[in-house]
Amino acid sequence: MADDKHNAQAYWQANLRLIIISLVIWTVVSYGFGILLRPLLAGIEVGGTDLGFWFAQQGSILTYIALIFFYAWRMNKLDKEYGVDEE
Amino acid sequence: MSQFAINMIFVVGSFALYIAIAIWARAGSTKEFYVAGGGVHPVMNGMATAADWMSAASFISMAGLISVGGYANSTYLMGWTGGYVLLAMLLAPYLRKFGKFTVPDFIGDRFYSSGARLVAVACLIIASVTYVIGQMTGAGVAFSRFLEVSSDMGLIIAAVVVFMYAVLGGMKGITYTQVAQYVVLIVAYTIPAVFISLQLTDTLLPPVGLFSEHTQSGVPLLQKLDEVVRELGFVDYTADVDNKLNMVLFTLSLMIGTAGLPHVIIRFFTVPKVADARWSAGWALVFIAILYLTAPAVASMARLNLMTTIYPAGPTADAIQYTERPDWIKNWEKTGLIKFEDLNGDGRIQLYNHTPQFAEKAAERGWKGNELTVNNDILVLANPEIANLPGWVVGLIAAGGLAAALSTAAGLLLAISSAVSHDLIKGSINPNISEKGELRAARISMAVAIVVATYLGMNPPGFAAQTVALAFGIAAASIFPALMMGIFSKRINSKGAICGMLAGLISTTVYIFLFLGWFFIPGTASYENIPANWFFGISPLSFGAVGAMINFTVAFAVSSVTEKPPVHIQDLVESVRFPRGAGTAVDH
C-alpha cells in the first residue's frame, strides 16, 4: 500500500510537470510571440508582415494542436508505466 | 434553376439528413440521453465537439470581425482555440474519470454541498441561455436571407428541426447530427475560401495564400492590403495595438471561458476512456483549426476584394458609380445589412474612414463622409457572391451557416435540459425518480428549453449583442475555476468553492453591467463604454479573466481559514486523478 501511494504520488508529479511545461509553451507562443513580444519579432519578415502577426493568426493554433497531441501521447504512456491505465 | 431553388435544395437536403439520423439514433436510457451511452469514438467526438463549439459566431461573424480589426482581433483566433489546451490538460480527462452526466454533478459531489450544485446550475443556465439566443437569431438571419422567409418563420423551422433530433435522440442523436453538421459547415466554409485564394494569390490553400504574393500587384497580399486601407484613412491591417494588457486579458478570458462552457465539457463525457478524452480534445482542435486557419485568410482577402470592388482603378482613383454596383450589393441592400447614402451627391460610392486626421485629404477629394456601411456579419455569407462563384456555392453557405447555428444550439439545449432534469429534479427536488421518469423529465425540459429559446430568439432582449460577453465571462469566472480547483486541490472546501464562485460571478456581471447597462437595460450604464473609462484599460469583454482570479483568491482564502474537506472527498479527488477504474465508474 505504501508503495502504491508512492507510485501514485510520482505519477501525479509527472503529470503536473508535463502540464507546467506545456502551459509555459502555450503562454510563450500566444501571449508572448503573438502579443507582448511582437515588437521584438518585428524584424523577422513573413509574407508581407512580421513573425508576431503569424503567431497571432496561425502559429499559436498550430502549436496548441501539437501540445495537446504530445500531452495525450505522453500521458497515455505514463498511465501504463505507472500502472494506472484502464484495462 | 433560380438561386432560391438551389438554396432550398441544399437546406432541405441537409435538414432531411439530420432528421434521418435522429430517427436512427433514438435514446433509450438516461445514459444515452445525457452522454450518448459513453461509447463515442474519440475522433468522432472531436468532430462533434468542433460542430458543438463552432457557432454562428465562428461561422458568420468571426471572419468579419478580423476583417475589420485586422491584427487586433487575432484575440478571437487565439482565444477560441487556446481553451482546448486547458480542457485537454486541466479538465476533460479527470471529469471523464469522475464519470457522471453533468458539470454541476461534479461540483455538487466534489464540494459535498447541494448549495454548490445549485450555484453551478444557475451559472450554467445563465451562460447557456444567453448563448443560445445568439444561435437562434443567427439561424433566423440565415433563413431570411437565403430562403426568403421572414426571420420568425425561419426560426420556427429551425426550432422544429432541433426539436426532432434533440428531444428524440438526446446526446446520442445530437452527437451524430453534429458530425454531419460539421461536414456540411466545413465544406461550406472552405470551398469559397479556396476559390478566393486561387483568384487573389494563385495558392490552393487559403492559410498559405494569406502569406503569399498578391498575383495582380506582385507584392505580398498583406502588404497590398495595408497600402490600400492606409490610403483610405484606415489603420493598417497588420498594425500593432497599444493596449496590450487588455488584449492579453481578452484572449485569456476567451480561453478560460471556452474551457468552462458546460456544453463543450459534457462532450468529453461521451468517450469510452480517459485516454480517449485526451485524444479527443486534440482531434476537436484539429477540426476547429481547419476553420480557424481559413478564417483569417477569408478576412483579409474579402477586405481586399471589397476595396477593389469599390475602387476598381485603385484607392487613389475614383470610386465606382452607384448605378454600376454589382448584384451582391443590391441583394444585401434589401436585407438592410448594406446601406448607401450619397453624402456628396456625386453618384459614386466612397468607402473610407472619416476621421479628423483624414479630413484634409477627404476635402481635397471632395468627400463628405463615408457613404457605404457594411455589416460585419455579411462578409462570409456574401463571400461567394463577391467572388462571383457559382450558385451552388451560395446554397452551400446557406446550409453551412444553419448547420453551425443548429449544432451549437442543440449542444446548449442539452446542457440546459440535463441541468434541469438531472441536477434540479433528480438531484434536489425528487431524488427517488425512476430511470424512465428521469428520461421523460429530460425530454420535457428539452422541449421547454427549445420553446423558451425560440421565443427569446424571436423577441431578442435589447442586449442580444452583448450576451456572448456575459456567457464567456460567467463560464470563465465561475465554472472553470471551480472545476479546476476541485481537481487540483484537496484543500478547497465547500465554503471556499461557493464563496469563490459567487465572488467571480458577481464581480464579472457587475463590471459588465457598469458599462453595458444594469441587467442590460439600455440607458442604465454607469459609465460610457469607451476605453478611457475602463478601469486599468480593461474592457467589460476582458473581465472574465480577472473574475477567475478573484474566484481563485477568494476560494483559497476562505478554505484556508475553514475546515479541511472530509476524508472521503479527499479520496474522491485522488480517484479522479488516476485513470484506472473509469469504466466501472460510469455505471452508477
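The largest nonpolar core, a set of buried Ala, Val, Leu, Ile, Met, Phe, Trp, Tyr and Cys residues joined through side-chain atoms within 4.5 Å, holds 226 residues, of which Trp26(A), Trp53(B), Leu91(B), Ile107(B) and Tyr292(B) touch the most other members. Helix 8 (residues 151-201) of chain B contributes the largest share of this core, 21 residues. The model is predicted: local features need pLDDT of at least 70 and side-chain atom pairs count only at pLDDT 80 or more, while totals for chains, interfaces and linings use all residues. Residues are numbered from 1 along each chain as its sequence is written, chains are lettered from A and ligands numbered from 1 in the order in which they are written, and side-chain values use heavy atoms, with hydrogens and water left out.

**Core and domains of chain B**

- The domain assignment, which is automatic or from a database, gives domain 1 (3-228 + 237-304 + 386-460) and domain 2 (310-379) of chain B.
- Each of these two domains supplies at least three residues to the core.
- Beyond its neighbours within four places in sequence, Ile107(B) is in contact (heavy atoms within 4.5 Å) with Ala116(B), Ala120(B), Ala482(B), Leu483(B) and Met501(B).

**Interface between the domains**

- The C-alpha centres of domain 1 and domain 2 of chain B lie 34 Å apart, and 13 residues of domain 1 are in contact with eight residues of domain 2.
- The two domains of chain B bury about 940 Å² between them, 70% of it on carbon and sulfur atoms; buried area is the accessible area (1.4 Å probe) that two parts lose on being put together, summed over both.
- Ile60(B), Arg145(B) and Ile386(B) supply 50% of the area that domain 1 buries against domain 2, more than any other three residues.

**Helix 1 of chain B**

- Helices are DSSP runs (H or I, at least four residues), numbered from the N terminus.
- In helix 1 of chain B, the buried residues (under 20% relative accessible area, 1.4 Å probe, protein chains only) are Ile6(B), Asn7(B), Val11(B), Ser14(B), Phe15(B), Tyr18(B), Ile21(B) and Ala22(B).
- Because they cover an arc of only 155° around the axis, they lie on the same side of the helix; the arc is that of the directions from the helix axis to the C-beta atoms.
- These buried residues pack against helix 7, helix 8 and helix 17 (391-429) of chain B.

**Positive phi**

- Tyr112(B), in the loop between helix 6 (103-110) and helix 7 (114-146) of chain B, has a positive phi near 35°.
- Asp202(B), in the loop between helix 8 and helix 9 (206-209) of chain B, has a positive phi of about 60°.

Terms used
Buried < 20%, exposed > 50% of the residue type's maximum accessible area, 1.4 Å probe, protein only. Helix = DSSP H or I, 4+ residues; strand = E, 2+ residues; numbered from the N terminus.
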